[in-house]
Amino acid sequence: MQTTLFTHPACLEHDTGLGHPECSDRLKAVLSALESEDFYLLERQEGPPATVEQIARAHPMDHIEAVRAMTPEAGHHHGVDDDTVVSAGSWNAALHAAGAVIAAVDAVATGHSRNAFCAVRPPGHHAERAKAMGFCLFNNVAVGAYHARAAHGLQRVAVMDFDVHHGNGTQDIFQFDPDMLYCSTHQSPLYPGTGDPAEKGDYGNCVNATLPAMAGSPEFRHAMSHVILPAIDHFKPDLIMISAGFDAHSRDPMAGLHLIDDDFVWATRKLGDLARTHCGARIVSVLEGGYNLRSLASACAAHVRELMAS
């Protein structure tokens, strides 16, 4: 079994306007990095569009219809929140982003792929059950997690989020579900202001490890080793998903952590060890943040290289 890359050209058509950090150049940088000789054996597939019914496992219909309604026929719509912009291509991009994650879940659940990486946008981990925010329209990881349960009987799904920002959306969707585990390392204080360690979910199924500004490899690896990895090990998931944000990198302008490429490799390796122990090596990783194109490309490539080796 191999590692499979899922993406779709529609994800490039989500136009956020001049100067917006969450731009199509991010995805172009990632895809270009994954064209090097190291990735000759990486299988590549286009992600189909998710259906409304598939998205509705994680979001109410009112939210789905609101996202569809705010998509303009031309130009840009800036009324989602202070940070989130949609364009004529955003609805289709959001469907293909969620659909790529669904296809990746299908691939690992059926044994076609050992693991998968989804190079998609718009990102998803800030999208709450009924609210688009923070560059995110639908919560791609949550849609994939509930698809794993509904289509493949993978009841217990663990999501590890190493984006520099807390994934308030995934926590919001999972917090009342004892068979979904959300784990996050993130800088605090920082947008969106959630993710205190005291936020544990109704069943102790939200695990937040905060990192102060200027923290680097030692602090990140300590939080992973002493908080996150033991929680996932205890949970015994049927599937591990990763919200793979690379904006905790030392070169990223959006925050103040100082991780390097090897930290993402190390975290990927440790999660791979747990996946082999508990769930037949099944991992689905999904692109979230990362806004310095150079560090995004190098860290993402290092992450996928480790997925291929695991």
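**View 1. R68 and its salt bridge to E65.** R68 is partly exposed, with a relative accessible area of 36%. (Buried means under 20% relative accessible area, exposed over 50%, and partly exposed in between, using a 1.4 Å probe and protein chains only.) E65 is partly exposed too, at 35%. The two form a salt bridge, and their closest N and O atoms are 3.3 Å apart. (That term covers a side-chain nitrogen of Lys or Arg within 4 Å of a carboxyl oxygen of Asp or Glu.) Why are R68 and E65 separated by about one helical turn? Because they sit three residues apart in helix α3, residues 61–70. (Helices, H or I with at least four residues, and strands, E with at least two, are DSSP runs numbered from the N terminus.)

Before you move on, a quick word on the model: it is predicted, so local features need pLDDT of at least 70 and side-chain atom pairs count only at pLDDT 80 or more, while totals for chains, interfaces and linings use all residues. Residues are numbered from 1 along each chain as its sequence is written, and side-chain values use heavy atoms, with hydrogens and water left out.

**View 2. D38 and R305, a link across the chain.** Here's another salt bridge, this time between D38 and R305, with the closest N and O atoms 3.0 Å apart. This pair ties together distant parts of the chain: D38 is in the loop between α1 (24–33) and β2 (43–46), R305 is in helix α9 (residues 293–309), and their positions lie 267 residues apart in the count. D38 counts as partly exposed at 45% relative accessibility, and R305 is partly exposed at 37%.

**View 3. E306 and R269, helix to helix.** Look for E306 and R269, whose closest N and O atoms are 3.3 Å apart in a salt bridge. Distant parts of the chain meet here as well, since E306 belongs to helix α9 and R269 to helix α8 (residues 261–278), 37 residues apart. Is E306 buried or exposed? E306 is buried, with a relative accessible area of 12%, whereas R269 counts as partly exposed at 39%. Elsewhere, salt bridges that share partners join E22, R26 and R121 into one network. How many salt bridges does a search of the whole structure find? The search turns up 12.

**View 4. D177 and its polar contacts.** D177 lies in the loop between α6 (168–174) and β7 (180–187), and this residue is buried, with a relative accessible area of 12%. Leaving out neighbours within four places in sequence, D177 is in contact with Y146, R149, Y203 and N205. (Contact means heavy atoms within 4.5 Å.) With R149, D177 shares a side-chain to side-chain polar contact of 2.9 Å. With Y146, the side chains make a polar contact of 3.1 Å. The side chain of D177 also reaches the backbone nitrogen of D179 at 3.0 Å. (A polar contact is a pair of N or O atoms within 3.5 Å; within protein, one must be able to donate a hydrogen and the other to accept it, and residues adjacent in sequence count only if both atoms are side-chain atoms.)

**View 5. N139, tucked into a loop.** You'll find N139 in the loop between β5 (113–118) and α5 (140–152). N139 is buried, with a relative accessible area of 0%. Setting aside neighbours within four places in sequence, what is N139 in contact with? The list is H59, G124, H125, A127, G169, T170 and I173.

**View 6. C300 in helix α9.** C300 sits in helix α9 and counts as buried at 0% relative accessibility. Not counting residues up to four places away in sequence, C300 touches V30, F117, F246 and S295. The C-alpha atoms of C300 and G290 are separated by 9.1 Å, with the two residues 10 apart along the chain.
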